[in-house]
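Visitor: I'm new to reading protein structures. Could you walk me through a few features, one at a time?

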Amino acid sequence: MATAHDVTAYIIEKQGPVSAMKLQKLVYYSQAWSLVWDERPMFDEEIQAWANGPVVPDLYAVHKGQYMIDKWPLGDVNKLDDLAKETVNAVLEFYWPMNAQQLSDITHHEEPWILARAGLAAGDRGTSVISHASMAEYYSGLEPSDQ
């Protein structure tokens, strides 16, 4: 199975430099849509519901303090199988045109992040995990035009 680092390396290889916040959201959506389309997680690392949206803490530990990310030496794009690459490509096609703030705003209106943040005020720090089950259930209920 690929890791979140492998997915990150693939996104940067395909698209070039990306802001840390946008990258986090793209990795999140890659995981969410893999759960729906491929019926499997793309990676094992947990995703937490932070104040600015979903975050993979393992990735954050590497890019903390950086605004733009232009390389990711910890990942190996060859660890993504064809199905995973197809999913990430579809995610990039749909979400890449949006900026980081737009992606963050979208996640703030989606049930997986909202449920994981239950009881927290808007700007409160939080480390609740966004479950695979909540992502699969929510995104599988969306029509393609709802994305």
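Guide: Sure, let's start with a residue at the surface. Glu39 has a relative accessible area of 71%, and since anything over 50% counts as exposed, Glu39 is exposed. Keep in mind that this is a predicted model.

Visitor: Where does Glu39 sit, and what is its phi?

Guide: Glu39 belongs to the loop between α2 and β2. Its phi is near 55 degrees, which is a positive value in a residue other than glycine.

Visitor: Next to it in the sequence is Asp38. Which helix is that in?

Guide: Asp38 lies in helix α2, which covers residues 20-38.

Visitor: How do I read a charged residue like that: is Asp38 buried or exposed, and which side chain of opposite charge is nearest?

Guide: To call something a salt bridge, we want a side-chain nitrogen of Lys or Arg within 4 Å of a carboxyl oxygen of Asp or Glu. Asp38 is buried, and the nearest side chain of opposite charge, Arg40, is 4.6 Å away. So by that cut-off, Asp38 has no salt bridge.

Visitor: What does Asp38 touch, then, beyond its sequence neighbours?

Guide: Leaving aside residues within four places in sequence, Asp38 is in contact with Trp33, Leu83 and Thr87.

Visitor: How many salt bridges are there by this rule?

Guide: The count comes to one. The partners are Arg40 and Asp81, whose side chains meet at 2.7 Å, N to O. This pair links distant parts of the chain, 41 residues apart. Arg40 is in the loop between α2 and β2 (48-50), while Asp81 is in the loop between β4 (68-69) and α4 (82-95).

Visitor: Why do Arg40 and Asp81 count as partly exposed?

Guide: The label covers the range between the buried limit of 20% and the exposed limit of 50%. Arg40 has a relative accessible area of 28%, and Asp81 comes in at 36%, so each is partly exposed.

Visitor: Can you show me a residue with 0% relative accessibility? Which one is it?

Guide: Try Val88, which counts as buried at 0% relative accessibility. You'll find Val88 in helix α4. Not counting residues up to four places away in sequence, Val88 touches Val7, Tyr10, Ile11, Ser30, Met42 and Leu80.

Visitor: How far is Val88 from Ala32, in sequence and in space?

Guide: They're 56 residues apart in sequence and 10 Å apart in space, C-alpha to C-alpha. For another pair, take Ser19 and Glu45: 26 residues apart in sequence and 20 Å apart in space, again C-alpha to C-alpha.

Visitor: What else can I read about Ser19, such as which strand it is in?

Guide: Ser19 is in strand β1, residues 18-19. At 9% relative accessibility, Ser19 counts as buried. Setting aside neighbours within four places in sequence, Ser19 is in contact with Tyr67, Met68 and Ala100.

Visitor: Last topic: pockets. What is the volume of the largest pocket, and which residues are closest to its centre?

Guide: The largest pocket has a volume of about 380 Å³. It is lined by 15 residues, and those closest to its centre are Trp50, Ala51, Asn52, Val55 and Tyr60.

Visitor: Which element gives the largest share of the lining, and what kinds of residues make it up?

Guide: Helix α2 gives the largest share, four residues. Both α2 and α3 (57-63) supply at least two residues each. By kind, the lining divides into six nonpolar, six polar and three charged residues.

Conventions. Residues are numbered from 1 along each chain as its sequence is written. This is a predicted model: local features need pLDDT of at least 70, side-chain atom pairs count only at pLDDT 80 or more; totals for chains, interfaces and linings use all residues. Side-chain values use heavy atoms; hydrogens and water are left out. Buried means under 20% relative accessible area, exposed over 50%, partly exposed in between (1.4 Å probe, protein chains only). Lys and Arg count as positive and Asp and Glu as negative; His and the chain ends are not counted. Contact means heavy atoms within 4.5 Å. On a 1 Å grid over the protein atoms alone, a cavity is a set of points where a 1.4 Å probe fits but cannot get out, and a pocket is an open set with protein on both sides within 12 Å along at least five of seven lines; lining residues have an atom within 4 Å of a point. Grid points are joined across faces, edges and corners, and a volume is the space filled by probe spheres set on the points. Ala, Val, Leu, Ile, Met, Phe, Trp, Tyr, Cys and Pro count as nonpolar, Asp, Glu, Lys and Arg as charged, and the others, Gly among them, as polar.
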